[in-house]
Amino acid sequence: MKQLILKDIDDLVIGSLGIVAFIAFFVGGVVAIQTSLNINNPLIPKYLVGFATRQSIVLEFAPTFISIIMAGKVGSFITSSIGTMRVTEQIDALEVMGINSLNYLVFPKFISLMLYPFVISIAMFLGVLGGMAACVYGGYGTLEDYVIGIQTDFIPFHITYAFIKTIVFAFILATIPSFYGYYMKGGALEVGKASTTSFVWTSVVIILLNFLLTSLLLG
């Protein structure tokens, strides 16, 4: 079981860091540029660019949109890997050997995705860093203004809120794709269909829960 958990941590968490880091850095840059270009009024302080970038990245982009991207990458991987085992009758073989196949296949993925907040914290950091790089090197503002913006009106509970959402989304990423993979029927074509369906429903549930959690925690 320990080997399975370590393998799933490598596949699901470590293997996702590259794409998450790339997207977070450049989206942070885009948010900073868009904010800067929309502040033409001289009465609006320049530090607002850093403030808006921090709020956008920490509250919504990192926890929610990275999770939807991960539903495509991680969710499809989970569904297709378990679904392929179902199609090739490997799950039936596990049952014959007296192994609890559901526990054997799903539990390691569930445990490994409990490290998902680590991925989101990196996305938050790189998103804010990307905004800073775009702001300073693109000539949209000074480093001092951006840092003041990041520090302005910082509410520690926003970080807690983001991580509560992240843990809930990690649970969704582990369960819905596993369900569609484990209970699928048919052949190789159905594996592809199950992967698509699991991505759609995982994304829908993440967006609905995002709305509910935001209403409960920040409303």
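**What covers the buried residues of H2?** The cover includes H3 and helix H6 (116–137). Keep in mind, here and in every view below, that this is a predicted model.

**View 1. Helix H2 and its buried residues.** Helix H2 runs over residues 17–37. With 21 residues at 1.5 Å a residue, H2 should span 30 Å, and its end C-alpha atoms are indeed 30 Å apart, so the two values agree. Look along H2 for its buried residues: Val20, Ile23, Ala24, Gly28, Gly29, Val31, Ala32, Thr35 and Ser36. A handy rule when you look at any helix: an α-helix has 3.6 residues a turn, so residues three or four places apart point the same way. UniProt, in an unreviewed entry, lists residues 12–37 as a "transmembrane region". Over residues 12–37 the chain is 88% helix and 0% strand, and the end C-alpha atoms are 37 Å apart.

**View 2. The whole chain, before we zoom in further.** The protein has nine helices and zero strands, so if you read along the sequence you get the pattern α-α-α-α-α-α-α-α-α. The C-alpha trace spans about 70 × 30 × 30 Å along its principal axes. Of the 219 residues, 42% count as buried. Take the contacts with a separation of 6 or more: 85% of them join residues 24 or more positions apart. As for the outside, the accessible surface comes to about 11000 Å², and 72% of that belongs to carbon and sulfur atoms.

**View 3. A salt bridge inside one helix, H1.** The structure holds four salt bridges, and here is one of them: the side chains of Lys7 and Asp11 meet at 2.8 Å, N to O. Both residues lie in helix H1 (residues 2–13), four residues apart, which is about one turn of the helix. How exposed is Asp11? Asp11 counts as partly exposed, because its relative accessibility is 24%.

**View 4. A salt bridge between H1 and H5.** The side chains of Asp8 and Lys109 also meet in a salt bridge, this time at 3.7 Å, N to O. Asp8 sits in helix H1 and Lys109 in helix H5 (residues 101–112), so this pair ties together parts that are 101 residues apart in sequence. Are these two residues buried or exposed? Both Asp8 and Lys109 are buried.

**View 5. A salt bridge between H8 and H3.** Lys165 pairs up with Glu60 in a salt bridge, with 2.9 Å between the closest N and O atoms. Lys165 lies in helix H8 (residues 156–182) and Glu60 in helix H3 (residues 48–87), so the pair links parts that are 105 residues apart in sequence. Now check the surroundings of each partner. Lys165 is buried, with a relative accessible area of 0%, while Glu60 is partly exposed at 25%.

**View 6. The largest nonpolar core.** This core has 39 residues, and the ones that touch the most other members are Ile66, Met70, Ile82, Leu113, Tyr116 and Leu173. The elements giving two or more residues to this core are H1, H2, H3, helix H4 (90–96), H5, H6 and H8. H3 gives the largest share, twelve residues. Zoom in on Met70: apart from its neighbours within four places in sequence, Met70 is in contact with Leu12, Ser16, Val20, Gly75, Tyr116 and Leu173. There is also a second, separate core of six residues, which includes Ala32, Ile39, Val49 and Cys135.

**View 7. Helix H6 and the residue Gly139.** H6 has 22 residues and reaches 31 Å from its first C-alpha to its last, close to the 32 Å expected at 1.5 Å a residue. Just after H6, look for Gly139, which takes a positive phi of about 75°.

**View 8. Helix H9 and what its buried residues pack against.** H9 (residues 188–218) has 31 residues and reaches 44 Å from its first C-alpha to its last, close to the 45 Å expected. Its buried residues are Val191, Ala194, Ser195, Ser198, Thr202, Ser203, Ile206, Asn210 and Leu213. These pack against H3 and H8. Residues 195–218 are another stretch that UniProt's unreviewed entry lists as a "transmembrane region", and over them the chain is 100% helix and 0% strand, with end C-alpha atoms 33 Å apart.

Note on methods:
Residues are numbered from 1 along each chain as its sequence is written. This is a predicted model: local features need pLDDT of at least 70, side-chain atom pairs count only at pLDDT 80 or more; totals for chains, interfaces and linings use all residues. Side-chain values use heavy atoms; hydrogens and water are left out. Buried means under 20% relative accessible area, exposed over 50%, partly exposed in between (1.4 Å probe, protein chains only). The expected span of a helix is 1.5 Å times one less than its number of residues. Contact means heavy atoms within 4.5 Å. A nonpolar core is a set of buried Ala, Val, Leu, Ile, Met, Phe, Trp, Tyr and Cys residues joined through side-chain atoms within 4.5 Å. UniProt positions are given in the numbering used here, feature names are shortened, and annotations may be inferred rather than shown by experiment. Accessible areas come from the Shrake-Rupley method with a 1.4 Å probe; for residues, only the protein chains shown count as cover.
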